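Colleague: I am new to this structure and should be grateful for a guided discussion. May we begin once it is displayed?

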Amino acid sequence: MRLSRRTLLAAGTTAAGLAAVPSTAEAGTRLRTGFERLAAGGYTPLDGQRVGIVTNPTGITRDVRHIVDVMHADDRVNLTAVFGPEHGFRGTAQAGGSEGRYDDPATGLPVYDTYLKSGRPLADIFTASGVDTVVFDIQDVGARFYTYIWTLYDCMEAAQLAGKRFVVLDRPNPVTGRTAQGPVLHKEFATFVGRQPIAQSHGMTVAELARLFNGEFLTTPVVLETVLMSGWRRSEFYDASGLPWVPPSPNMPTADTALVYSGTCLFEGTNLSEGRGTTRPFELLGAEGVDGSWAAAVGQLELPGVHFREAYFAPTFSKFQGKTIGGVQIHVHDRAAYDPVRTGIALLVTAKKVWSGFAWRADNWIDKLTGSTSVRTMIDAGATADEVVAAWQGELAAFRSVRKEYLVYR
């Protein structure tokens, strides 16, 4: 990974101090999102522009109005198009789906589908829409394999190809921005669950990621502006924000889900259930034939900040649909001490030891999620969780060094 200062030239900030780092005087004020600051400033960065916005159900105001509805009703901004990601703009599609091209019944605005589109085909959509500026406002959850950050990356690249400006409205990282954790993606494993070499738990906001993407990964930087938050601190979890939680996707129902997701989503790469089809996805894990020995085995590791309970559940869809299966429920009791990625690895290691039916998905999806073959092959070779975690520390240190150049909050 190369360290570049191109963002100093290409990743602009908005006028009138909207993108300034929060000052000491703001420390005690309630958090204001990028959209709140944009609206409070009269949408000045969008003056004279035909605007299209990439968003989903998380693009809301503090009183849960959708920002598309708010902007459409405001004469100060010329909103002319909406671009929907995975699950769709209004959120009607399940995982791996989107809403397609349609006209939004509430506003009459044309809605274009961006899901699984990138490069020139996505640039052509931006061109056909007739917009001058593409705005991005989606709540992320802090994990490399959560696809909205790669929608951000793809849209930035496509906006550059189409000659459009790009504006990112920032929101909190719900699991804090304290540090980055986990393995770093190897480029040969790039997919839509990881386009570029960043850590599994990146510890950045979407505006910070946009600056990093522009400075490190885009061949030609897009004309980028970021409208940052005020009043957010890197150590804060989502409940400190005072903002309502809207599920960014159907299986991300609460901020508690986001807390564990960057570790337990790895079970998508196995034949165990990751809890889809339950009320506690990614907190409940299990399979047929698993009993209390798994909770006992992982509990003996005394991982910081977390307890494990023997649990039985019957998913209503996805793996083991309609079958009662055994496994564990994760109970995080100290968020500050908890390391979701290390915990996810420990759960994989112990599951393989106590359940004879354990298997990786036949397509080695685990390699796409972790970013290389290392986790899978080390676990298969009998490595401990600590040995697996130790193996990625060098690449993680290198990413952290690059990452710190793009952090804009304290």
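**Burial, fold and pocket**

Modeller: His-87 has a relative accessible area of 7% and is therefore buried. Please bear in mind that the model is a predicted one.

Colleague: In which loop is His-87 found, and what is the value of its phi?

Modeller: His-87 belongs to the loop that runs between β3 (78–84) and β4 (102–103). The residue is not a glycine, yet its phi is positive, with a value near 80°.

Colleague: Where does Phe-320 lie, and what is its phi?

Modeller: Phe-320 lies in a loop, the one between β12 (306–313) and β13 (325–332). Its phi is positive although the residue is other than glycine, and the value is near 60°.

Colleague: How many helices and strands does the chain have, and what is its radius of gyration?

Modeller: The chain has 13 helices and 13 strands. For 410 residues the globule rule gives 22 Å, and the radius of gyration of the chain is close to that, so the chain is as compact as a globular protein of that length. The radius of gyration is 21 Å.

Colleague: What does the C-alpha trace span along its principal axes, and what percentage of the residues count as buried?

Modeller: The span of the C-alpha trace along the principal axes is about 65 × 45 × 40 Å. Residues count as buried when their relative accessible area is under 20%. Of the 410 residues in the chain, the part that meets this cut-off is 60%.

Colleague: Among contacts in the chain with a separation of 6 or more, what percentage is due to residues 24 or more positions apart?

Modeller: A contact requires heavy atoms within 4.5 Å. Of the contacts with a separation of 6 or more, residues 24 or more positions apart account for 75%.

Colleague: Is Val-167 buried or exposed, and with which residues is it in contact beyond its neighbours within four places in sequence?

Modeller: Val-167 is found in strand β7, which covers residues 165–169. Its relative accessibility is 1%, under the 20% cut-off, and therefore it counts as buried. With neighbours within four places in sequence left aside, its contacts are Leu-46, Thr-133, Val-134, Val-135, Phe-136, Glu-225 and Val-227.

Colleague: How far apart in space are Val-167 and Thr-220, C-alpha to C-alpha?

Modeller: In sequence, Val-167 and Thr-220 are 53 residues apart. From C-alpha to C-alpha, their separation in space is 16 Å.

Colleague: Where is Val-222 found, and what separates its C-alpha atom from that of Ala-159?

Modeller: Val-222 is found in the loop between α6 (206–217) and β10 (223–227). It is buried, because its relative accessible area is 1%. Val-222 and Ala-159 are 63 residues apart along the chain, and their C-alpha atoms are separated by 6.8 Å.

Colleague: Is Gly-269 buried or exposed, and which residues does it contact outside its neighbours within four places in sequence?

Modeller: Gly-269 is found in the loop between α7 (255–264) and β11 (284–287). At 0% relative accessibility, it counts as buried. Its C-alpha atom is 9.7 Å from that of Arg-376, a residue 107 positions away along the chain. Leaving aside neighbours within four places in sequence, Gly-269 is in contact with Trp-360, Arg-361, Trp-365, Ile-366 and Leu-369.

Colleague: What is the exposure class of Arg-76, and which residues is it in contact with when neighbours within four places in sequence are left aside?

Modeller: Arg-76 is found in the loop between α3 (67–72) and β3. Its relative accessible area is 46%, and because the partly exposed class lies between 20% and 50%, Arg-76 is partly exposed. Apart from neighbours within four places in sequence, it is in contact with Ala-39, Gly-42 and Tyr-43.

Colleague: How many disulfides does the count give?

Modeller: A disulfide needs a pair of cysteine sulfur atoms within 2.5 Å. By this rule, the number of disulfides is zero.

Colleague: What is the volume of the largest pocket, and which residues lie nearest its centre?

Modeller: The largest pocket has a volume of about 360 Å³. Its lining has 14 nonpolar, five polar and three charged residues. Of the 22 residues that line it, those nearest the centre are Glu-86, Ala-95, Thr-147, Glu-268 and Arg-276.

Methods: Residues numbered from 1 in each chain as written. Predicted model: local features only at pLDDT ≥ 70, side-chain atom pairs only at ≥ 80, totals over all residues. Heavy atoms only, no water. 1 Å grid on protein atoms, 1.4 Å probe; cavity = no way out; pocket = protein on both sides within 12 Å on 5 of 7 lines; lining within 4 Å. Points joined across faces, edges and corners; volume = space filled by probe spheres on them. Nonpolar A, V, L, I, M, F, W, Y, C, P; charged D, E, K, R; others polar. Helix = DSSP H or I, 4+ residues; strand = E, 2+ residues; numbered from the N terminus. Rg over C-alpha atoms; globule rule 2.2 N^0.38 Å. Buried < 20%, exposed > 50% of the residue type's maximum accessible area, 1.4 Å probe, protein only.
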